[in-house]
Amino acid sequence: MAEVVDRPAAAVERPPRSPEVRETRERLIDAISAHGPITARQLAERFGLTSAAVRRHLASLEADEVIAEHEMPVRNRGRGRPSKAFVLSKAAHERLPGGYDELAVLAIEELARAGGDAAVERLADQRVADWESRLAQRVAEQEAAGEEVTLARKVELLAELLTDRGYATTVRPLSVPLPTPGAGPRTLVTAQLCHGHCPVLDVATDHPELCEAETRVISRIVGAPVQRLATLAQGAHACTTHIPLTEGRTP
């Protein structure tokens with residue numbers, strides 16, 4: 001007799017959805033986006049489906065956090081429970097294209113026309129102005145927990161902070177041999193701070209002032225000159241900043 005393994009419901013894989021199911025759900029999502037709040041009965045009438053079939057789709061979409069139940073105001077309360085109405089969830093709205101990049105590009109261009117390069121540079125500096133204070137807060141929390149925060153650890157905390165802000169940042173340690181005439185070989189430990197994503201890429205492509213402001217604030221955080229080696233805005237696969245892990249030493 002085969003052993004029966006009890007698995008939690010979350011561990012059970014869902015069967016792949018057929019093209020027909022995916023198409024129906026896309027149509028439902030479009031209708032909810034355009035006409036919501038809308039009930040299952042209204043959706044069933046719109047698409048010629050049974051109410052039971054629509055409710056199954058809606059239950060799946062709600063479980064996937066694509067739609068959310070919307071509380072409708074009750075005007076004439078009769079017998080029975082009021083019908084559920086649905087709208088797109090907040091998460092679904094965030095995944096849909098919103099045109100913010102295009103708006104940001106237009107705003108920066110207008111700012112440049114009105115105030116020149118200096119105005120764009122001031123805006124770029126303001127955008128990253130809180131990086132230092134936010135990082136200092138994280139460093140203080142680590143030290144309060146009894147951890148010694150070295151410069152290398154501070155760079156790691158900076159990477160975590162930037163990842164939280166959409167940069168997908170990692171730290172890649174490097175060892176660079178240094179020539180030392182008359183003495184034994186020395187090794188300078190350095191690091192590369194790499195952004196796999198840029199949340200302002202469309203703007204930075206035409207306005208490198210944003211990248212330059214980031215480099216300046218990273219340099220202040222590290223306490224030494226840093227060097228931006230590549231940027232996504234210039235077509236590289238990542239934004240890469242070379243960081244010496246010894247205060248005061250040039251890259």
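How many residues apart in helix 7 are Glu156 and Arg153? They are 3 residues apart, about one turn of the helix. The legends below describe close-up views of a predicted model.

**View A. Salt bridge between Glu156 and Arg153 within helix 7.** The closest N and O atoms of Glu156 and Arg153 are 3.1 Å apart. Arg153 has a relative accessible area of 17% and is therefore buried, under the cut-off of 20%. Glu156 is partly exposed, because its relative accessibility is 38%. Both residues belong to a network of salt bridges that also includes Glu147 and Glu160. The structure as a whole holds 13 salt bridges.

**View B. Salt bridge between Asp130 and Arg165.** The closest N and O atoms in this pair are 2.6 Å apart. Distant parts of the chain are linked here, with the two positions 35 residues apart in numbering. Asp130 sits in the loop between helix 5 (100-127) and helix 6 (131-144). Arg165 sits in the loop between helix 7 (151-164) and strand 4 (169-178). Asp130 is partly exposed at a relative accessible area of 24%, and Arg165 is partly exposed at 30%.

**View C. Salt bridge between Glu69 and Lys84.** For Glu69 and Lys84, the closest N and O atoms are 4.0 Å apart. This pair also joins distant parts of the chain, its members being 15 residues apart. Glu69 is in strand 2 (residues 67-70), while Lys84 is in the loop between strand 2 and strand 3 (85-88). The relative accessibility of Glu69 is 45%, so this residue counts as partly exposed. Lys84 also counts as partly exposed, with a value of 44%.

**View D. Open sheet of 3 strands.** The strand order is 1-3-2, and the pairing is antiparallel. Strand 1 (38-39) and strand 2 stand at the edges; each has a single partner strand, so one side of each lacks a neighbour in the sheet. Strands of a sheet pair through backbone hydrogen bonds, in either a parallel or an antiparallel sense.

**View E. Pairing of strand 2 with strand 3, and the helix on the sheet.** Strand 2 and strand 3 form an antiparallel pair over 4 bridges. One bridge joins Ile67 to Leu88, its partner in strand 3. Helix 1 (residues 19-35) packs on the sheet and touches strand 1, strand 2 and strand 3. The direction of helix 1 makes about 95° with that of strand 3.

Definitions and conventions. Residues are numbered from 1 along each chain as its sequence is written. This is a predicted model: local features need pLDDT of at least 70, side-chain atom pairs count only at pLDDT 80 or more; totals for chains, interfaces and linings use all residues. Side-chain values use heavy atoms; hydrogens and water are left out. A salt bridge is a side-chain nitrogen of Lys or Arg within 4 Å of a carboxyl oxygen of Asp or Glu. Buried means under 20% relative accessible area, exposed over 50%, partly exposed in between (1.4 Å probe, protein chains only). Two strands pair if DSSP finds at least two bridges between them. Contact means heavy atoms within 4.5 Å. Axes are lines fitted to C-alpha atoms, for helices over the stretch in contact, and angles run from 0 to 180 degrees between N-to-C directions.
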